[in-house]
Amino acid sequence: MIINNGNLITWREENQILENSSLLIKEGLIKDIGKDLEKKYPDQEVFDAHGQYLMPGNICAHTHFYGAFARGMGIPGDAPKDFPQILEKLWWPLDLALDEQGVRYSALVFAIDAIKNGTTTLFDHHASPSFIPGSLDVIGDVLLDAGLRGVLCYEVTDRNGPEGAKAGIAENVRMIKKASRSERLGAAFGLHASLTLDDHTLEVCRDAIGEEAGFHIHVGEHQADEYDSLKKGGLRVVDRLKNFGILGPKTIVAHGVHIDQAEAVLLAETGTWLTHQPRSNMNNAVGVAAIEDFLRLGIKVGIGTDGFYHAMWEEWKTAYFLHKVHHLDPRRMSALDIIQMGVKNNAALANLYLPGSRLGVIEKGAAADLIFVDYHPYTPLTGGNLPWQMIFGFQEGMVTSTMVGGEFLMKDRELLTLDEEKITTEAKALAPEIWKRYESYVGRYS
Ligand SMILES: [Zn+2]
């Protein structure tokens, strides 16, 4: 297929933009880039982009599909007053309420959401203690049927007893093996957070995977995580994880809001990835991570949604604004840093976990994971000002088509792989049962 009349945002050096260009897509890859390619390849089907911007699909470095049914759900009793109460009163009873159908529909509704928002690769961190074995297959099948790419893991925790921890470990080990044979699915070894993992479980997790696999874990999201770790063995969270061999160039830690400088240095020294989720941090009122310091230290920082809807530009914008108001300084958090994290680092992380495809860039040989954006700038748009045009001009509602591996998942705003009306009707029918079970579990963890 040839896509012509596109303005290509390639995310190559200097944010290169190729105006009025064409792409040849074959076997899921970008095979050629140039002008008027339909003359060079006369036998190809042609799709006219009508001057839209074409760019690589967005990547979400940390999310939780399991949180989908929280939307519109009431929390019984007093409103949670801090993040530990949010875990106890909202997330833990909700993930416990998910059965196989609950897991499937959580993934389905978020797959629709991702495609419509132009997000084509997602790192999911999953929990469903009532349905552990096979849960990652359910999510993986949804992603494959939807046509998306994903990196899965099951969050091991001791909060549901030793059997729950054991089942979580087995689920990770199984999926890491299975995903190694898949082009579109990858897998990490999921851990909830230091505060719900004892020493024995961490040791078993470390021993359960080979050196080539990485962990995906929440770190220092709230002070409670740090104080729990200090209480357990006199060490802060990152030091504790280092002692158990959890850190390293394939491990992803989410948040790092409450880590100290020495912990940040450890993340940099071990090549560990960190993901930033500013909407979630603001919503949970946990604080603001020292992201600019982390970048300066050389930590590979990416951006995720943490279970918010998968509008990555909205997450970028939140990061851009949050650090300015937090420091009372409009010079903080440059749009260049946003692009470094949201585009370059997220792509590098995706390429690490999905080595079969070159993601996050438009160039010959890269995967044809593309979004079409109906943006009409009224000031010059150049490689130099693109990061600011993105922050102030681009909106997810402008995404008209989404393609993964050369296949349209949404074409001119029509979803082709998922039936939104049917799925949302079925999810809506399922929600009252899930909410009822959730309510019956509130109070179990406090
Ligand atoms: Zn999270």
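Are Phe-47 and Phe-372 buried or exposed? Both are buried, where buried means under 20% relative accessible area, exposed over 50% and partly exposed in between (1.4 Å probe, protein chains only).

The model is predicted, so local features need pLDDT of at least 70 and side-chain atom pairs count only at pLDDT 80 or more, while totals for chains, interfaces and linings use all residues. Residues are numbered from 1 along each chain as its sequence is written, and side-chain values use heavy atoms, with hydrogens and water left out.

**Exercise 1. Describe the aromatic pair of Phe-47 and Phe-372, and place it in the chain.**

Step 1. Apply the criterion: rings of Phe, Tyr and Trp (its six-membered ring) pair if their centres lie within 6.5 Å; planes under 30 degrees apart count as stacked, over 60 as edge-to-face and the rest as tilted. The structure holds 15 aromatic pairs.

Step 2. Classify the geometry. The ring centres of Phe-47 and Phe-372 are 5.5 Å apart and the planes stand at 85°, so this pair is edge-to-face.

Step 3. Locate the partners. Phe-47 belongs to strand β4 (residues 46–48) and Phe-372 to strand β15 (residues 370–373), so named because helices (H or I, at least four residues) and strands (E, at least two) are DSSP runs numbered from the N terminus. The two residues are 325 apart, and the pair links distant parts of the chain.

**Exercise 2. Repeat the analysis for Trp-313 and Phe-394.**

Step 1. This aromatic pair is edge-to-face, with 5.5 Å from centre to centre and 80° between the planes.

Step 2. Trp-313 sits in helix α12 (residues 312–327), and Phe-394 in the loop between α14 and β16 (399–404). The pair links distant parts of the chain, 81 residues apart.

Step 3. Trp-313 and Phe-394 are buried. Together with Tyr-53 and Tyr-375 they form one aromatic cluster.

**Exercise 3. Which atoms coordinate the zinc ion, and at what distances?**

Step 1. Collect the donors, that is, N, O and S atoms within 2.8 Å of the metal (3.2 Å for Na, K and Ca); water is not among the atoms, so sites may look incomplete. The zinc ion is held by NE2 of His-62, His-64 and His-218 and by OD of Asp-306, at 2.0 to 2.2 Å.

Step 2. Check the angles. Four donors count as tetrahedral if all angles lie between 85 and 135 degrees; four count as square planar and six as octahedral if opposite donors are over 155 degrees apart and all others between 65 and 115; anything else is irregular. The angles among the 4 donor atoms of the zinc ion run from 92 to 167°, and the site is irregular.

Step 3. Read the sequence spacing of the donor residues: H-x1-H-x153-H-x87-D. His-64, in the loop between β6 (58–63) and α2 (83–96), and His-218, in strand β11 (residues 215–219), are 154 residues apart and link distant parts of the chain. Both His-64 and His-218 are buried.

**Exercise 4. Compare the settings of three salt bridges.**

Step 1. A salt bridge is a side-chain nitrogen of Lys or Arg within 4 Å of a carboxyl oxygen of Asp or Glu. The whole structure has 28 salt bridges.

Step 2. Glu-183 and Arg-149 meet at 3.5 Å, N to O. Glu-183 is in the loop between α5 (161–179) and β9 (185–187) and Arg-149 is in strand β8 (residues 149–152), so the pair ties together parts 34 residues apart in sequence. Glu-183 is partly exposed at 47% relative accessible area, and Arg-149 is buried at 1%.

Step 3. Arg-174 and Glu-171 have their closest N and O atoms 2.9 Å apart. Both lie in helix α5, 3 residues apart, about one turn of the helix. Arg-174 is partly exposed at 32%, and Glu-171 is buried at 2%. The two residues belong to a salt-bridge network with Asp-137 and Lys-178.

Step 4. Asp-260 and Arg-236 meet at 3.3 Å, N to O. Asp-260 is in the loop between β12 (252–255) and α9 (261–270) and Arg-236 in the loop between α7 (223–233) and α8 (237–243), so the pair ties together parts 24 residues apart in sequence. Asp-260 is partly exposed at 29%, and Arg-236 is partly exposed at 23%.
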